[in-house]
Amino acid sequence: MKILITGASGMLGGDFTVAARELGHEVIALSRSDLDLTDQSAVETLVKEHAPATVVNCAAWTDVDGAETHEEEATEVNASGAGYLGAAAAAIGASICQISTDYVFDGAKETPYVESDPTSPIQAYGRSKLAGEETVRAANPNHFIVRTSWLFGVANQKPNFVETMLEVGSTGVPVKVVHDQVGSPTFTGHLAAGLARLIETDSYGIHHMAGTGECSWYEFAEEIFRQAQMEVDLIPIDTAAFPRPARRPANSVLVSEWETPIMLPEWKTGLAEYLQSRRTPSPDEVPA
Ligand SMILES: NC(=O)c1ccc[n+]([C@@H]2O[C@H](COP(=O)([O-])OP(=O)(O)OC[C@H]3O[C@@H](n4cnc5c(N)ncnc54)[C@H](OP(=O)(O)O)[C@@H]3O)[C@@H](O)[C@H]2O)c1
């Protein structure tokens, strides 16, 4: 299948590009310098020129706190840009897979969220991503909207939560982590494989796809240090003790109500694979 990937130099985009190529797909991997989603005519031109069977949009404004003061810019990328892509794909008969987020929910539910639960984002980023679901749905009937959560992956220059914990944990100072936000950590390698399976189906609509199981950020940190065999003085704190510009949902655990959903492995398995892959040198680093 010919797949056009946007945001290909991001964390998920990088892993999805690798996964799709390994499966033998013909992949057009575009980073922001190749295609800025907010440039509607460039989106139309490139999608038409490459004529993919499907477009997988991994590009997004992902700075959750920054979106509070730049909501318009975040919405331009996450909603308008996603809609341009959806429409450009529809114009050539291609499907679109739009990556969305657990932050479309307010976190007040006491059990895991399913696809049909009402959305109610509590920060600008979530509003912009929810608007993106709507623009994509309106632009292209053949849409997969995949909500995922708490990503960590190898293909990224920005530090993810696992890297941050490994770094602060090695300093010897006590590490404080919030214990009152619960979610589903997701290894992008596993999500990439799930997306690759999904786009080969015609199961259009919203899909929740996250690491199986749930934990708090505190429990996630505990498991990181356990698997990395690090002795760290880990202290649970309340969200209120760690104020940030954007509010986060207290519960954003995602499960699927599809009859036969694409299930990802347990988040702890994802963590183990992630830690293993960051220890394994790439072929160019191995001495000949
Ligand atoms: N990270 C998480 O925990 C998480 C959780 C739930 C859902 N998601 C969703 O998962 C998807 C992938 O997230 P990620 O963590 O892999 O993000 P990421 O590493 O921040 O990658 C996003 C990519 O989008 C690119 N981009 C930003 N603005 C663009 C524009 N105007 N045109 C084209 N490309 C643009 C970025 O390029 P630059 O770096 O050059 O700006 C970056 O390469 C996103 O839709 C995100 O909302 C993420």
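Here a biologist and a modeller talk through some aromatic pairs, a helix and a charged patch in a predicted model.

Biologist: Let's start with the rings. How many aromatic pairs does the structure hold?
Modeller: Rings pair if their centres lie within 6.5 Å. Counted that way, the number of aromatic pairs in the structure is 12.

Biologist: Take Tyr 103 and Tyr 125. Is their pair stacked or edge-to-face?
Modeller: Look at the angle between the planes, because over 60 degrees counts as edge-to-face. The centres of Tyr 103 and Tyr 125 are 6.2 Å apart and their planes meet at 85°. The pair is therefore edge-to-face.

Biologist: How many residues apart in sequence are the parts that this pair ties together?
Modeller: Tyr 103 sits in the loop between strand 4 (95–101) and helix 4 (124–139), while Tyr 125 belongs to helix 4. The pair therefore links parts whose separation in sequence is 22 residues.

Biologist: Is Tyr 103 buried or exposed?
Modeller: The cut-off for buried is under 20% relative accessible area. Tyr 103 has a relative accessible area of 10%, so Tyr 103 is buried.

Biologist: Now Phe 220 and Trp 267. Which helices does that pair tie together?
Modeller: The ring centres of Phe 220 and Trp 267 are 5.5 Å apart with planes at 80°, so this pair is edge-to-face. Phe 220 is buried at 1% relative accessibility, and Trp 267 is buried at 5%. Their positions are 47 residues apart in sequence, and the pair ties together helix 7 (residues 217–227) and helix 8 (residues 267–279).

Biologist: Which other residues form one aromatic cluster with Phe 220 and Trp 267?
Modeller: Both rings belong to one cluster. Their partners in it are Trp 150, Phe 152, Phe 161, Phe 187, Trp 217 and Tyr 274.

Biologist: Back to helix 7. How many of its 11 residues are buried?
Modeller: Among the buried ones are Trp 217, Phe 220 and Phe 225. Helix 7 is largely enclosed by the rest of the structure, because the buried residues number eight of the 11.

Biologist: Which residue just after helix 7 takes a positive phi?
Modeller: Look just past the end of the helix, where phi is about 55°. The residue there is Gln 229.

Biologist: Finally, is Glu 72 of the negative surface patch buried or exposed?
Modeller: Glu 72 lies in helix 3 (residues 71–91), and shares the patch with Asp 36, Asp 39, Glu 73 and Glu 76. Exposed means over 50% relative accessible area. At 69% relative accessibility, Glu 72 is therefore exposed.

Key. Residues are numbered from 1 along each chain as its sequence is written. This is a predicted model: local features need pLDDT of at least 70, side-chain atom pairs count only at pLDDT 80 or more; totals for chains, interfaces and linings use all residues. Side-chain values use heavy atoms; hydrogens and water are left out. Rings of Phe, Tyr and Trp (its six-membered ring) pair if their centres lie within 6.5 Å; planes under 30 degrees apart count as stacked, over 60 as edge-to-face and the rest as tilted. Helices (H or I, at least four residues) and strands (E, at least two) are DSSP runs, numbered from the N terminus. Buried means under 20% relative accessible area, exposed over 50%, partly exposed in between (1.4 Å probe, protein chains only). Patches are made of residues with over 30% relative accessible area and no salt bridge: like charges are joined within 9 Å, nonpolar side chains (Val, Leu, Ile, Met, Phe, Trp, Tyr) within 5 Å. Accessible areas come from the Shrake-Rupley method with a 1.4 Å probe; for residues, only the protein chains shown count as cover. A salt bridge is a side-chain nitrogen of Lys or Arg within 4 Å of a carboxyl oxygen of Asp or Glu. Lys and Arg count as positive and Asp and Glu as negative; His and the chain ends are not counted. The place of a charge is taken as NZ of Lys, CZ of Arg, CG of Asp or CD of Glu.
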